[in-house]
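Hi,

Here is the structure I promised to pass on. Have a look at it first, and then read on for what turned up.

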Amino acid sequence: MTDLIETVQDTEINDSLVELFEVAPPGAASSYYLFNGLDDGVDKIEFRQNDYFAIPIQIDGIEMTATGAAPRPTLTVANIPSLTKSLDSNEELLNDIKEVLNFDSNDDFIGTKVIYHRTLKSNTDNNSATSPAFPKQIYYIDRIASETNLVVAFELASPFDIENTVLPHRVVIGKYCPWQYQ
């Protein structure tokens, strides 16, 4: 973490934040690497020796809280199954996306592990396996929140919600101590 802080302090003001998504479907042999780079006109970048492909994707609602229920962010992505059904053979971008994400319907995404990385643009495309980044966050696609012909919004859940884990993990019983005193 201190490496990233030093990197942030040493970088130029013009360096931008890049959001990267590693999508690992259940039972798949490999992960898909995606980022929202279409605004910059970039169709592929490299981060930690993985090629991330540009696709309309965004995440909202990420927050850290110590009380109450865990936040459930929303991942909004291009509706690939709907867009590829009306696909012309000359639309190269959609063909590339269809090859990267080989799903027939949006229901196939349920249970998919999403690892969210953030880093600076200057830390990409350097062929380094240890490029500095902010701490990664892991979520699972829990359900489809909304769907249109262009985009689909997925509700994400934390690993603790999926596994029904309760924090703190030990049970506290009044007037009894769980540790043996020496």
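Leaving aside residues up to four places away in sequence, S158 touches A70, I138 and Y139. Please keep in mind that this is a predicted model. As for where S158 sits, its place is in the loop between β9 (151-157) and α4 (159-162). Is S158 buried or exposed? Its relative accessibility is 11%, and buried means under 20%, so S158 counts as buried.

Next, a residue within a strand. Y52 lies in β4, the strand that covers residues 50-54. Y52 counts as buried because its relative accessibility is 1%. Its contacts, again not counting residues up to four places away in sequence, are L20, F21, Y33, L34, F35, D43, K44, I45, F47 and H117. If you want a distance to check on your side, try Y52 and N36: the C-alpha to C-alpha separation is 9.4 Å, with the two residues 16 apart in sequence.

Finally, a strand pair. Strand β5 takes in residues 57-60, and its two faces differ: I57 and I59 make up the covered face, while Q58 and D60 make up the uncovered one. Which strand is β5 joined to by four bridges? That is β6 (residues 74-78), and the two run antiparallel. On the covered face of β5, I59 has L75 of β6 as its bridge partner.

Happy to talk any of this through once you have the model open.

Best wishes

Note on methods
Residues are numbered from 1 along each chain as its sequence is written. This is a predicted model: local features need pLDDT of at least 70, side-chain atom pairs count only at pLDDT 80 or more; totals for chains, interfaces and linings use all residues. Side-chain values use heavy atoms; hydrogens and water are left out. Buried means under 20% relative accessible area, exposed over 50%, partly exposed in between (1.4 Å probe, protein chains only). Two strands pair if DSSP finds at least two bridges between them. Contact means heavy atoms within 4.5 Å.
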